Amino acid sequence: SCISTYSFHRLYGDSFSVFDAIDKTAELGCEGVELLRDDTAPDGYTLLSYARALTGRGRDRGLEVPMYTTGANFFVPDPAAEVERLKKHIDIAAECGIKLLRHDVAWAYYPGYDGVRTYKAVINYVAPYISRVADYAKSVGVKTCTENHGRLIQDSQRMLELFTAVNNTNYGLLCDMANFGGVDENSVNAVSALLDLIVHVHAKDVFVRSGMSYDPGEGFNRSRGGNYRRSTIFGHGDIATFQILSAIKASGYDGYVSLEFEGMEDVMTAVTIGTHNIQRMIKDLESK
């Protein structure tokens with residue numbers, strides 16, 4: 001099991017740091033910790049020295065660092081500049097001995113875009129730049145991947161078309177088992193369609209309420225089709241978490257399953273329960 005440092009994001013401040021999150025991850029008996037990084041670093045650090053310090057802390061605690069997660073958006077007027085920015089993060093991941101790097105693809109039609117508004121147009125626009133990033137990453141021993149989110153390219157069919165267009169074996173899928181609901185797709189069906197592409201897994205759970213229901217209020221967001229969704233403790237929500245993990249394991253996947261908590265419950269309680277649920281599920285699957 002593994003935990004994304006993003007799971008603790010509500011706690012970060014003067015009294016709790018990413019280093020504390022790494023310590024907690026080890027305390028919970030995990031084997032790995034996933035680092036979330038942006039283009040900034042705390043005072044006294046460079047991007048590289050901070051990533052090295054975090055990676056070192058993890059390994060000092062007996063944790064592997066299987067994934068370097070960062071943002072990106074190729075659906076912009078100058079995607080080549082985004083390629084160059086990502087190369088810096090890829091270099092950092094390589095320096096730290098992290099073998100996988102996740103980047104995003106696209107979030108929305110950029111201001112001033114006057115082309116046809118279809119997801120296929122977006123895929124055709126971004127695919128060459130994603131492949132360029134994957135090629136560069138391969139040259140330094142890193143594999144790239146993208147998560148199923150961002151609405152524009154989130155459905156399993158759209159993801160399949162994206163990977164076909166990119167056509168690069170050094171580019172895979174970070175499978176977030178809950179995110180498909182954001183575009184009103186059944187998570188079991190969606191994950192099963194993408195099994196051959198998975199290189200990392202995010203374990204996440206959400207409550208789902210029909211858009212026909214009265215608005216549940218604070219904490220709930222709307223899906224693309226207008227249903228209500230709220231992230232929650234892994235194992236407590238409406239996602240078929242064990243069924244999905246079972247299908248992923250049966251496909252031959254043997255990588256990390258990383259908790260990504262972004263609910264409104266107490267963070268430490270939620271991360272602890274969610275991690276223990278992941279560990280129990282993995283143990284049950286391994287005993288089959």
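These are my notebook entries on the fold, the salt bridges and the pockets of a predicted model.

**Entry 1: overall form**

I began with the chain as a whole, and I counted eight helices and eleven strands in it. The radius of gyration came out at 18 Å, close to the 19 Å that the globule rule gives for 288 residues, so I noted the chain as being as compact as a globular protein of that length. I then looked up the extent along the principal axes, where the C-alpha atoms fill a box of roughly 50 × 50 × 40 Å.

Next I asked what percentage of the 288 residues is buried. Buried residues make up 51% of the chain. For the contacts with a separation of 6 or more, I wrote down that 79% are between residues 24 or more positions apart.

**Entry 2: salt bridges around Arg-37 and Arg-85**

Before turning to single pairs, I reminded myself that side chains of opposite charge can pair when their charged atoms come close. The count for this model is 19 salt bridges, and I followed a few of them by residue.

The one I looked up first joins Asp-38 to Arg-37, with 4.0 Å from N to O. Are the two partners buried or exposed? Asp-38 counts as partly exposed, because its relative accessibility is 41%, whereas Arg-37 is buried, with a relative accessible area of 8%.

I then moved to Asp-39, which forms a salt bridge with Arg-85, the closest N and O atoms lying 3.0 Å apart. This pair links distant parts of the chain, since Asp-39 sits in the loop between strand S2 (32–36) and helix H2 (47–60), while Arg-85 belongs to helix H3 (residues 79–95), 46 residues apart. Asp-39, at 44% relative accessibility, counts as partly exposed.

Which other residue does the side chain of Arg-85 meet in a salt bridge? I found Glu-82, with an N to O distance of 2.9 Å. Both Arg-85 and Glu-82 lie in helix H3, three residues apart, which is about one turn of the helix. Glu-82 is buried, for its relative accessible area is 13%, and the cut-off for buried is under 20%.

**Entry 3: a network, and the largest pocket**

I also noted a network of salt bridges that links Asp-176, Lys-204, Glu-260 and Glu-262. Two of these names came up again in the largest pocket, where Lys-204 and Glu-262 are among the lining residues nearest the centre, together with Asn-179, Arg-229 and Ser-231.

The largest pocket has a volume of about 600 Å³, and 28 residues line it. I asked which strands each supply at least two residues of this lining, and I noted S2, strand S9 (221–222) and strand S10 (228–232). The largest share, three residues, comes from S10. Sorted by class, the lining has five nonpolar, 13 polar and ten charged residues.

**Entry 4: the second largest pocket**

My last look was at the second largest pocket, which holds about 250 Å³ of space. Its lining is made of 13 residues, and those nearest the centre are Tyr-253, Gly-255, Val-257, Ile-282 and Glu-286. Helix H7 (241–250) and helix H8 (267–286) each supply at least two residues of this lining. By class, I recorded seven nonpolar, two polar and four charged residues for the second largest pocket.

Technical notes: Residues numbered from 1 in each chain as written. Predicted model: local features only at pLDDT ≥ 70, side-chain atom pairs only at ≥ 80, totals over all residues. Heavy atoms only, no water. Buried < 20%, exposed > 50% of the residue type's maximum accessible area, 1.4 Å probe, protein only. Helix = DSSP H or I, 4+ residues; strand = E, 2+ residues; numbered from the N terminus. 1 Å grid on protein atoms, 1.4 Å probe; cavity = no way out; pocket = protein on both sides within 12 Å on 5 of 7 lines; lining within 4 Å. Points joined across faces, edges and corners; volume = space filled by probe spheres on them. Nonpolar A, V, L, I, M, F, W, Y, C, P; charged D, E, K, R; others polar. Rg over C-alpha atoms; globule rule 2.2 N^0.38 Å. Contact = heavy atoms within 4.5 Å.
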